Structure formats: C-alpha cells, structure tokens
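Colleague: I'm new to this one, so could you walk me through how the labels get decided?
Modeller: Sure, have a look first and then ask away.

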Amino acid sequence: MVPTAQIKRMPGIRPGAAKRLVGKTKEFARKRGCYMPVLLSDAGGRMTLLSGSATFEVCLEERAGKVPAVVVRTEGGADELLFSLQSSDLSAPPDAMYVSAAVVSLIDDYSMPRRAIAESLGKSPAWVSRMEGLRKLSGAVRAFVCDGLISSRAAQEIARLPEEAQAPFAVSAGGEYLTKDETAYLVNRYLDPGTSLEERGRIVGSPRQALPEAPRGRGAKAMDQSFGARLARAMARCFDCASYLQNLLEAGGAWQADANMSDAEALAAALYALAGRLRGEPCPGGREGRGDD
C-alpha cells in the first residue's frame with residue numbers, strides 16, 4: 001500500500017483513463033470491496049504511475065489515503081515510458097491518446113529511433129507511425145478519443161485532415177456510425193486536390209451522403225434503400241462526375257478538337273432535362289415522376 005500523495009503522474013502526459021473506465025473501476029471496488037493494484041516505478045525514491053490510471057483516479061475521488069500497488073525498479077525517463085507501454089493493453093481505444101503521447105515523448109524528448117520503439121513494444125513501424133500521427137489531432141477530437149466516442153483507428157484517419165475540419169467531421173462521422181474504412185475513404189476524398197469545395201462541405205457535414213456505394217463487407221439489405229436515400233447517393237455520384245468534368249475543362253487546351261461534339265450535346269440535353277425533373281417539372285412527353293422511379 002503506497003500513500004496516494006507520494007505518487008506522481010508521468011511528466012508531460014495526460015491521464016490514460018476514460019470516464020467510462022473510471023466508472024467501471026469504481027463499480028468494481030464497490031462490489032468487491034477492493035481496488036485493482038496500480039503499477040508504479042521506483043526510480044531513486046520517486047514513485048511514478050506506469051499503469052492503472054483508472055484506479056488512481058478513483059482513489060483520488062474517494063480520498064483514499066493509500067493505493068494498492070506493484071512497485072518495479074526502472075532507470076527513469078525513457079525506461080519508464082517503455083515499461084508503461086509494454087505493460088499496458090496498447091489496443092485499448094480509451095488509452096490511445098496516452099499511448100500516442102508516450103510514443104511522441106520517446107521520439108521528441110529522448111531521441112529514440114522509431115524502429116527501436118517498434119522492436120521494444122513488439123509492434124510494426126507502421127503502428128508507431130500511426131500513433132505518432134495522432135499528435136496532429138485537434139484538442140476537441142483528442143477529447144472524443146479519450147472519452148471513447150471516436151475509435152483510435154478512425155482518429156488516425158481524421159488526423160490527416162486540416163485542423164479546422166477535424167472536429168466537425170468527427171462529430172458527423174460519430175453520429176452516422178461510420179466504419180474505419182468509410183472514414184478513410186472520405187478523408188482521402190477530402191484531401192484529393194480535385195474535390196470541389198461543395199463536395200468537401202458535404203463530406204464534413206453529411207458524410208454518409210458522400211459515400212458512393214454500399215459500405216464494404218455489408219450486404220445490400222444493410223443499406224437504406226428508400227427512395228430518398230437512393231436519390232441522395234445518386235446525386236453524390238453526379239457531384240463527383242461534375243467535379244471531375246469541371247477540372248478537365250479548367251485544365252485548358254483545345255478540348256473541342258478532342259471531344260465528340262455529338263456526345264457533348266447529348267450530355268448537355270440530358271442534364272437540361274434532369275435539371276427540370278429535379279425542379280419538379282414534368283418530363284417531355286408528359287410522363288410524371290413517380291416515387292419508385
């Protein structure tokens with residue numbers, strides 16, 4: 001049992017326990033009458049919390065004078081960070097920002113090579129790169145990840161967006177339950193130089209409508225097949241094609257010499273008729289639109 005007042009957190013790294021995990025730990029202590037031990041390092045008499053942040057948080061909230069602990073000897077500094085990462089469940093989403101901060105500290109503060117970090121943790125260099133990439137997240141999205149509202153895998157994709165777009169997209173993506181693959185697709189689409197401002201706005205505000213196809217790995221029955229949903233997906237595909245065509249035209253050159261003008265005129269006529277249908281005008285020939293068209 002170690003006095004709570006003697007325990008210090010890892011310097012420069014925020015606590016690694018989400019509110020949900022703290023609540024579960026408190027409920028466990030209430031039911032079982034004890035706390036799970038924390039892991040502390042003893043480097044020259046200085047007790048540093050390596051893992052068990054949830055237990056430590058609960059003990060602070062409950063004003064417990066002592067905490068059950070397992071104490072290990074470390075060399076301090078980088079060794080404490082590595083020990084903390086090696087003893088933690090690195091795949092736990094609520095701890096993703098803690099893991100990221102530890103990896104970044106090893107790289108920036110202790111100049112530890114990324115390959116050495118990967119070998120020490122039994123991870124791939126790509127994993128180290130993804131954890132390091134989380135440093136680009138805005139403060140709001142970091143909070144989402146810490147609270148378990150955004151998965152660490154989705155956050156790795158969101159981190160590639162400009163900072164001003166990260167939080168709005170994270171809120172929309174979370175509200176529409178996007179998968180990691182769907183998030184990656186939309187982020188790539190947003191970053192594509194050929195994507196228009198209108199399409200980027202739709203990706204951030206209504207990401208589900210910006211997906212052109214059924215989610216990968218899901219059957220057709222899992223997708224909303226209502227007329228309104230199918231119409232929204234069809235319009236999203238049209239926006240893609242229109243953006244691509246606009247970029248080609250703006251590239252310059254004597255496009256008329258390379259184009260089949262009869263096809264161009266047919267396309268213009270089809271778009272004119274389609275514009276009328278979208279405005280609710282009757283089709284040429286008098287056929288009215290039906291909801292099941």
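Modeller: One rule before we start: two strands pair if DSSP finds at least two bridges between them. And keep in mind that this is a predicted model.

Colleague: Okay, so how do you know that β3 pairs with β6?
Modeller: Five bridges join strand β3 to strand β6 (residues 69–73), and the rule asks for at least two, so the two count as paired. They run parallel, and D42 stands opposite R73 in β6.

Colleague: What makes β3 and β4 a pair?
Modeller: Again five bridges, this time to β4 (residues 46–51), with the strands antiparallel. At least two are needed, so this pair qualifies too. L39, for instance, has S51 as its bridge partner in β4. The hairpin of β3 and β4 has two residues between the strands, and G44 takes a positive phi near 65° there.

Colleague: Why is β3 called mostly covered?
Modeller: Six of its six residues, 38–43, are buried. Buried means under 20% relative accessible area. On one side you find V38, L40 and D42, on the other L39, S41 and A43, and all are buried.

Colleague: Now the charges. Why is the contact between E61 and K26 called a salt bridge?
Modeller: The cut-off is 4 Å between a Lys or Arg side-chain nitrogen and a carboxyl oxygen of Asp or Glu. E61 and K26 come to 2.7 Å, N to O, so they pass. E61 sits in helix α2 (residues 53–61) and K26 in helix α1 (residues 19–32), so the pair ties together parts that are 35 residues apart in sequence.

Colleague: What makes E61 partly exposed?
Modeller: Its relative accessibility is 44%, and partly exposed lies between 20% and 50%. K26, at 33%, gets that label as well.

Colleague: And E157, buried or exposed?
Modeller: Buried: 13% is under the 20% limit. Its salt-bridge partner R160, with N and O atoms 2.8 Å apart at the closest, is partly exposed at 37%.

Colleague: How do you know that E199 and R202 form a salt bridge?
Modeller: Their closest N and O atoms are 1.8 Å apart, within the 4 Å limit. The two are three residues apart in helix α11 (residues 197–205), separated by about one helical turn. Both E199 and R202 are buried. Elsewhere, salt bridges that share partners join D108, R114, E132 and R135 into one network.

Colleague: How many salt bridges does the rule give?
Modeller: The count comes to 13.

Key: Residues numbered from 1 in each chain as written. Predicted model: local features only at pLDDT ≥ 70, side-chain atom pairs only at ≥ 80, totals over all residues. Heavy atoms only, no water. Helix = DSSP H or I, 4+ residues; strand = E, 2+ residues; numbered from the N terminus. Buried < 20%, exposed > 50% of the residue type's maximum accessible area, 1.4 Å probe, protein only.
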